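Trainee: Got a minute to walk me through this fold? I'd like to start with the sheet.
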Amino acid sequence: MTLSELLEAVRRIEMRTNRLVNDMMVGAYLSHFKGRGMDFEELREYVPGDEVRDIDWNVTYRMGRPFVKRYREERELGVVLAVDVSASSGFGSLRRTKREFAAEIAGTLAMSASRNSDKVALLLFSDQVELFLPPRKGRRHILRVIREMLGFKPRHRGTNIPAALAFLNHVLHQRSIVFLLTDFLHSFGTDVVRPGAGRDTLHEVGLTNARHDLVCLHLHDPRESVLPRAGLLTIEDAETGELIELDSNRASVARKFAAINSERLAELDRAFRRAGVDTLRFSTGEPYAQTLQHFFETRRGRRRG
């Protein structure tokens, strides 16, 4: 992508996301998010009705009875966009890649947060932390966030979600909303590249959700679930370089391919339910605005309840 193409893409996303924010009033939904920015205020004994997630387990263990942390709500909310820029994010069987799709969704969230006078941070990660932009406000910062999501050239090809979340848990001192945008291709279920990655990912996901408010946005390309009928194919894993040859015209091969990916998605859903983490799945071939809108409306209703 040339500089002029990048600037045009940034301008296009800014216009589109501005329109979506105006139409959907996403900023208003963000303002109702559970777990707005909090400052620690006091530690006191647990009483019935307290939020279980506020229990300080270290103090509880030492004292032999439950204690909870109390927080003072801040006016500002920190929104963190953690975006996977590994090699698999460059795949796209339709008009856009998963990375371009992630940039548009994250751009909508960034514009919404900015409209709500909240700070936005950006983390780009592969199997290492590639770039971190600390939380800031303003249109210039939001445009840089979008520009980096589209144009940054990662140094590595793999994916390490636990390392990315551990980094955020280390550098974020204010309770924030963390949106994790990734395809989860090397995280759960059928992962044979990094044995145990599912357990590691789930552990760090749970820890991050306890410290912040984590929302996992799973980006999925339709071709990852259904093979085209194109005869003999050589499929390459973009992150590892592993090659697999198969005959896509054989019904048994197509069924097995679909079944493996169906189980992978089911395992993702089970893992996130166990972790108590909100998860949204977006297909690159479908609009995302209504899904986001419904999610924020649900969260708003949950907070009021």
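Mentor: Sure. One definition before we start: two strands pair if DSSP finds at least two bridges between them. Keep in mind that this is a predicted model.

Trainee: Fine. So how do E4 and E5 connect?
Mentor: A hairpin of three residues links E4 to E5. The two strands pair in the antiparallel sense, over five bridges. Across that pairing, Leu-123 stands opposite Phe-132 in E5.

Trainee: And what's on the other side of E4?
Mentor: Strand E3, residues 78–84, is joined to E4, residues 119–125, by seven bridges, and this pair runs parallel. Gly-78 has Lys-119 in E4 as its bridge partner. Ala-82 stands opposite Leu-123 in E4.

Trainee: How does the chain get from E3 to E4?
Mentor: It goes through H4. That β-α-β crossover is right-handed.

Trainee: Is E4 mostly covered or mostly open?
Mentor: Mostly covered. Six of its seven residues are buried.

Trainee: Zoom out. What's the strand order of the whole sheet?
Mentor: The order is E5-E4-E3-E6-E7-E10. It is an open sheet of six strands with mixed pairing.

Trainee: Which strands are at the edges?
Mentor: E5 (129–136) and E10 (278–283). Each has a single partner strand, so one side of each lacks a neighbour in the sheet.

Trainee: How much twist?
Mentor: It averages 15° from one strand to the next.

Trainee: Which helices pack on the sheet?
Mentor: H4, residues 98–115, is one of them; it touches E3, E4, E6 (176–182), E7 (213–220) and E10. Its direction makes about 145° with that of E7. H8, residues 251–275, also packs on the sheet, touching E7 and E10. For H8 the angle with E7 is about 175°.

Trainee: Switching topic. What about H5?
Mentor: H5 covers residues 139–151, 13 in number. From first C-alpha to last it reaches 18 Å, close to the 18 Å expected at 1.5 Å a residue.

Trainee: Which H5 residues are buried?
Mentor: His-141, Ile-142, Leu-143, Val-145, Ile-146, Glu-148, Met-149 and Leu-150.

Trainee: Last bit: whole-chain numbers?
Mentor: The protein chain has nine helices and 10 strands. Of its 305 residues, 47% count as buried. The accessible surface is about 15,500 Å², with 51% of that belonging to carbon and sulfur atoms.

Trainee: And how far apart in sequence are the contacts?
Mentor: Take contacts between residues at least 6 apart in sequence: 74% of them join residues at least 24 apart.

Key
Residues numbered from 1 in each chain as written. Predicted model: local features only at pLDDT ≥ 70, side-chain atom pairs only at ≥ 80, totals over all residues. Heavy atoms only, no water. Helix = DSSP H or I, 4+ residues; strand = E, 2+ residues; numbered from the N terminus. Axes fitted to C-alpha atoms, helices over the stretch in contact; angles between N-to-C directions. Contact = heavy atoms within 4.5 Å. Expected span 1.5 Å × (residues − 1). Buried < 20%, exposed > 50% of the residue type's maximum accessible area, 1.4 Å probe, protein only. Areas by Shrake-Rupley, 256 points an atom, 1.4 Å probe, with all protein chains shown as cover. Right-handed = clockwise from strand over helix to strand, strands pointing away.
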